[in-house]
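Trainee: Got a minute to go through this model with me? I'd like to start with one residue and work outward.

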Amino acid sequence: MSAAPHSQLSTSTDLVRAHEQILAVGSRSFRLASHFLPVDCRGDAAHLYALCRLIDDTADEAITLLAAERGLHDLRQELRRERPPRPLVEAFLQMAARRNLDLAYVFELIDGVESDLGEVCFESDADLLRYAYRVAGTVGVMMCAVLDVRDPRAIAHAIDLGVGMQLTNICRDVLEDARMGRVYIPSRRLEARGIRPEHLLEERVNTKALAQVVTDLLDLAEHYYRSGEAGMVYIPARSRAAIMVASRVYHAIGEKLRARGANPMVGRTVVTPVARLWFAARGCVAWLGTLGSPGERLPSHNTDLHRELRGLPGVQS
């Protein structure tokens with residue numbers, strides 16, 4: 001096979017660098033974790049992150065709701081090659097073909113992002129968990145393809161890690177989301193503590209009662225984190241370190257939120273660079289503990305965690 005022209009290699013290299021820069025600016029936590037990836041996976045992970053960032057920005061930065069919907073529609077067409085894809089999308093599509101990444105998960109992600117355009121008010125845990133699957137669980141599954149995870153049993157655990165991370169996000173961003181007219185905490189959970197969704201929107205909530213709700217959601221996230229952790233054994237050992245670092249660093253957000261009384265109304269919880277390094281180190285230590293004999297017993301998945309997700313791609317009924 002003849003070598004690719006130098007101009008093509010340069011363009012490809014430039015795209016990888018550009019997408020790694022998107023990763024560096026968009027998420028310091030994932031940027032830190034990406035340093036632990038093998039070189040052959042790092043660029044592909046950056047392509048995936050860049051596409052996810054594009055989907056989010058298409059929705060969040062549009063001037064009107066109609067413009068956001070039109071932008072997401074155009075993205076779907078590019079991904080289906082029904083219109084010429086922009087270079088970022090083309091790079092992702094080439095990576096997806098090379099990694100055998102199922103585009104059904106990308107479309108689920110877009111559906112999830114589109115579902116929270118405008119005002120949001122979830123009623124039940126089912127609403128919340130299905131949303132978390134769409135905007136984060138799908139990313140976990142796509143990362144399995146990027147990391148060349150071959151055992152199909154890994155999918156359920158990858159979904160759970162994404163869901164756990166998204167639940168952490170939701171707990172952290174209660175105030176920020178409320179100011180955009182979005183209440184992701186299920187109204188049933190709120191009302192059980194004497195809170196109505198409009199109390200959040202009007203920023204006149206009983207913070208002690210809200211802290212109890214947030215603590216309960218962080219406890220729920222723990223079940224998904226534990227399942228995600230159990231599934232790490234399916235990831236090739238070298239790449240596993242990166243995911244365990246990302247999980248620990250992200251989990252630290254929830255730990256810090258708990259430490260400040262689980263009150264998200266005082267502002268966004270931020271993990272300092274020094275703390276991120278500390279939790280990254282903890283992730284590395286945990287990674288070393290997974291390097292056991294290949295004959296160790298593989299984990300079983302708690303199907304109760306997916307009770308509300310049945311019927312979605314990758315979820316076993």
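Mentor: Sure. This is a predicted model. Start with Val 213. Its relative accessibility is 1%, so Val 213 counts as buried.

Trainee: What's the cut-off for buried?

Mentor: Buried means under 20% relative accessible area.

Trainee: Which helix is Val 213 in?

Mentor: Val 213 lies in helix α12, residues 207-230.

Trainee: And what does Val 213 touch, leaving out residues up to four places away in sequence?

Mentor: Ile 185, Arg 189, Leu 190, Arg 193 and Ile 195.

Trainee: How far is Val 213 from Cys 171, C-alpha to C-alpha?

Mentor: The separation is 9.2 Å. Along the chain, the two are 42 residues apart.

Trainee: Cys 171 again. Which helix contact does Cys 171 help make?

Mentor: The one between α8 (residues 154-172) and α13 (residues 237-259). Their axes come within 10 Å and cross at roughly 30°. On the α8 side the contact uses Leu 161, Met 165, Thr 168, Asn 169, Cys 171 and Arg 172. From α13 come Ile 243, Ala 246, Ser 247, Tyr 250, Ile 253, Gly 254 and Leu 257.

Trainee: How do the residues of that α8 and α13 contact divide by class?

Mentor: Eight nonpolar, four polar and one charged.

Trainee: Are α8 and α13 roughly parallel or roughly antiparallel?

Mentor: Roughly parallel, because angles under 35 degrees count that way. The crossing of α8 and α13 is left-handed.

Trainee: Switching topic. What angle do α4 and α5 make?

Mentor: About 45°, with the axes 10 Å apart. Helix α4 covers residues 65-79 and α5 covers 87-99. The pair is therefore oblique. Their crossing is right-handed.

Trainee: Which residues meet there, between α4 and α5?

Mentor: Leu 75, Glu 78 and Leu 79 of α4 meet Val 89, Phe 92 and Leu 93 of α5. By class, that contact has five nonpolar residues, no polar ones and one charged.

Trainee: Which α4 residues are buried?

Mentor: Ala 68, Gly 71, Leu 72, Asp 74, Leu 75, Arg 76, Glu 78 and Leu 79. The buried residues of α4 pack against α3 (39-60), α5 and α6 (104-115).

Trainee: What span should α4 have, at 1.5 Å a residue?

Mentor: With 15 residues, α4 should span 21 Å. Its end C-alpha atoms are 21 Å apart, so the two agree.

Trainee: What's up with the backbone just after α4?

Mentor: Look at Arg 81 there. Arg 81 takes a positive phi of about 60°.

Key. Residues are numbered from 1 along each chain as its sequence is written. This is a predicted model: local features need pLDDT of at least 70, side-chain atom pairs count only at pLDDT 80 or more; totals for chains, interfaces and linings use all residues. Side-chain values use heavy atoms; hydrogens and water are left out. Axes are lines fitted to C-alpha atoms, for helices over the stretch in contact, and angles run from 0 to 180 degrees between N-to-C directions. Helices (H or I, at least four residues) and strands (E, at least two) are DSSP runs, numbered from the N terminus. Angles under 35 degrees count as roughly parallel, over 145 as roughly antiparallel, 65 to 115 as roughly perpendicular and the rest as oblique. A crossing is left-handed if the near helix is turned anticlockwise from the far one by less than a right angle, and right-handed if clockwise. Contact means heavy atoms within 4.5 Å. Ala, Val, Leu, Ile, Met, Phe, Trp, Tyr, Cys and Pro count as nonpolar, Asp, Glu, Lys and Arg as charged, and the others, Gly among them, as polar. The expected span of a helix is 1.5 Å times one less than its number of residues. Buried means under 20% relative accessible area, exposed over 50%, partly exposed in between (1.4 Å probe, protein chains only).
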